[in-house]
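Student: Hi! Could you walk me through this structure?
Tutor: Happy to, so let's look at it together.

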There are 2 protein chains.
Amino acid sequence: MIRAEVVTIGNELLIGRQVDTNSSFMCAELAEIGISVVRKISVGDDVQEIYEAIDVGANKVNLKIFSGGLGPTHDDKTKEAVCRYFDSELIIDQEVLSHIEQLFARRNVTISQINQDQALVPHNASVFMNDKGTAPGLVLEKDETVFIFLPAVPYELKFLMQYRVKPYLRQKFPEMLPVRICDFLFSGIGESALFELLESQTQLFNGQHEFAFLPSPGLIRFRQTICGENEDTSEKVFNVTEKILTVTAGKYFYGRNAESVAHILQRIFTEKGLTFSVAESCTGGHIAHMITSVSGSSAWFKGGIVAYDNQVKISMLHVNENVLMQSGAVSEEVVRQMAMQCRNEFNTDYAAAVSGIAGPDGGSPEKPVGTVWIALATPDSVKTKLFHFGPSDRSANIQRASNAALMMILDEFKQ
Amino acid sequence: MIRAEVVTIGNELLIGRQVDTNSSFMCAELAEIGISVVRKISVGDDVQEIYEAIDVGANKVNLKIFSGGLGPTHDDKTKEAVCRYFDSELIIDQEVLSHIEQLFARRNVTISQINQDQALVPHNASVFMNDKGTAPGLVLEKDETVFIFLPAVPYELKFLMQYRVKPYLRQKFPEMLPVRICDFLFSGIGESALFELLESQTQLFNGQHEFAFLPSPGLIRFRQTICGENEDTSEKVFNVTEKILTVTAGKYFYGRNAESVAHILQRIFTEKGLTFSVAESCTGGHIAHMITSVSGSSAWFKGGIVAYDNQVKISMLHVNENVLMQSGAVSEEVVRQMAMQCRNEFNTDYAAAVSGIAGPDGGSPEKPVGTVWIALATPDSVKTKLFHFGPSDRSANIQRASNAALMMILDEFKQ
């Protein structure tokens, strides 16, 4: 097993606010080619901290891969730390320089000194050419450990991982075993309750394969990881797992191997040639966003209305004004009308509607924060369901309500 | 300066797919009370790896704070590692046990053994009661370093940080200096071009205060961090910085100290008593979602249409069918009509419309992936703008187009 450590560099990662998506991406890419990440580290834009991150535990892994601190501004310190650790001096790489010059010529922008300086690389490093930007990737070795340094701009990092780093690593470590992952999606049940349902299934937990529970608002991924088997064998194991899960907890099992519930819905709706639309109040466009984040969603998703204001519910969705006044926007009758009218207006086979109180304000004793009504209009009927997500934060309630709506649609297609 | 290290535990963090938002949250919370995070580490659900993460560099920081691995299932290993490192044995904490029993009684759920086991804590640990869940927080000390262990469920973690950990740390480290952060938002300019504009302003880069460039698609945060000053003094420094920025790069400067552009818009629109609506094609609800993620958005945002299908553009937004056929959905005339009709239908002062090719499919030689038309209908006119975001990924293009639309609105209100 090839063991790796991922290091991300940047003050912004340590002050909060900026979530570290680069390290997740690098982990996923490494997992795909069979490299096991045993630790992630993030440090600030500080030469000494970066130096220590290069050094720490280097003898325990085969690969250390870094992103960040290669930009052109004053707070980019990675090359300085690299030079100190690897006893290097910076020299101009002519190929990188002419790439940068071409890049600027194409954009009709005058090249400046700090841009030219991006062609400076440690003299004992190999270079990964960066077609998407100015900072090249760097590779160095020390005591049988490989060190790779990449820029932090996400699409540059993606390009370099895919076209430079992965081909390089496949050649460098030909003995790598593939890691195969299957996610089994559950909803409508908590993590510990699901564990108790599955606990007795000793085939699952006999230690031969790895399982993990990955909970998120309204959704649990039960993830199986298989290392070192070929695709056919892995597929057979995943099928056995699916059978066990269907028998023991089928009521809460919604599908497998999908990046998201929206991916599962897309598969079902396109296979059946059905269309969908959505009327959102408290979820404010998030359901439409989840669906349209999936490439190809235009084949089944016609569109949606974000009816945030009550007047919009009346004017655009023709919700009965008296009902709205009497029952309030967060009520069974209002979501029922929203779903039916949405289905009519968008001329779709199915339509969902959501109205609730996402918080932190707007709650009342009868309808506290977290109260959400969801309706689903099908070709035959309108179904409604009341949820109490509780007083957790706004963003979690929006996510939970969105997942719950998508799950209600999936329920329609369960055997 | 109190120095801390943040450690997150979970296999899911090392396989990718799961982004580590908990560590960002903990960093932000610690920064707020003046604790400087010098390193973040993530390790898997493995007793030895957790043990090493507890141990590594412990003598270099005042605080090590962990989240994860305290859940009830087989893959939660943190307490085992804690017991080994601190030479502890697990004992039942009666207060935690009765809290768990009450929690289950309130939900009318029978309590099970694995839930009861959550009341087992290391005998030499102090306990932070967790009102939002079953796993308590744990505090231990060794050689003058404080170790805090928290669960990874985000709203439980939030509760514990806010109501247990921060009050405890304020008391434990009374000498802490506050850290004050101000973000200056820029758009329409790249990171290195912005740096070159600002570079000559030596007041900014004389080393007295810390600055960082935090780029994201379509938006750069130029962040100033001040440590150890009171609020008045910090505010004066931030005002000086703002003046310098306005003079040197005012064209690209959009405001300060906002969590997001949607927050700035909300302030402007509510102050002026204006209303807004949006018609989205390629952004698919993401603009509405960005706006409605802000609590209080219902005061100015009436709603939106996700007109994903061309038929919806015609039926719901009354876009002229001939124009749509001749110019295509991604065209100046179509977004112009979408914005105007959206403003009419939703009866708002302003309305934006976006139509483009988010990718990866749907591009053509004339309109490659990344081509986006945006229109803004104001009380006086309709403005349109063409963007070429290039062939980066779908999600980045959706974000860039959403930011560009919000920036176009902000431009209306710039002096």
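Tutor: We'll talk about the two chains, a pocket, a helix and some backbone angles.

Tutor: This is a predicted model, where local features need pLDDT of at least 70, side-chain atom pairs count only at pLDDT 80 or more, and totals for chains, interfaces and linings use all residues. Residues are numbered from 1 along each chain as its sequence is written, chains are lettered from A and ligands numbered from 1 in the order in which they are written, and side-chain values use heavy atoms, leaving out hydrogens and water.

Student: How does chain B superpose on chain A?
Tutor: A rotation of 180° with 0.1 Å of shift along its axis does it, giving an RMSD of 0.1 Å. The fit is by least squares on the C-alpha atoms of residues with pLDDT of at least 70 in both copies. The two copies are thus related as by a two-fold rotation axis.

Student: And what about the contact residues of chain B?
Tutor: 99% of them recur in chain A, so the same surface serves both copies. Contact means heavy atoms within 4.5 Å.

Student: New topic: how much space lies in the second largest pocket?
Tutor: About 720 Å³. On a 1 Å grid over the protein atoms alone, a pocket is an open set of points where a 1.4 Å probe fits, with protein on both sides within 12 Å along at least five of seven lines. Lining residues have an atom within 4 Å of a point, and the volume is the space filled by probe spheres set on the points.

Student: Which residues are closest to its centre?
Tutor: Of the 28 lining residues, those are Asn11(A), Ile15(A), Ser36(B), Glu210(B) and Thr225(B). The largest share of the lining, 4 residues, comes from strand S2(B). Strands (E, at least two residues) and helices (H or I, at least four) are DSSP runs, numbered from the N terminus.

Student: Is helix H15 of chain B buried or exposed?
Tutor: 15 of its 19 residues are buried (under 20% relative accessible area, with a 1.4 Å probe and protein chains only), so H15(B) is largely enclosed by the rest of the structure.

Student: Which peptide bond is cis in chain A?
Tutor: One joins Gly359(A) and Pro360(A), with omega about 0°. Pro360(A) sits in the loop between strands S15 (350-356) and S16 (371-377) of chain A. In chain B, a cis bond joins Gly359(B) and Pro360(B), with omega about -5°.

Student: What is the phi of Asp143(A)?
Tutor: About 45°, a positive value although Asp143(A) is not a glycine. Most residues other than glycine have a negative phi. At 71% relative accessibility, Asp143(A) counts as exposed (over 50%).
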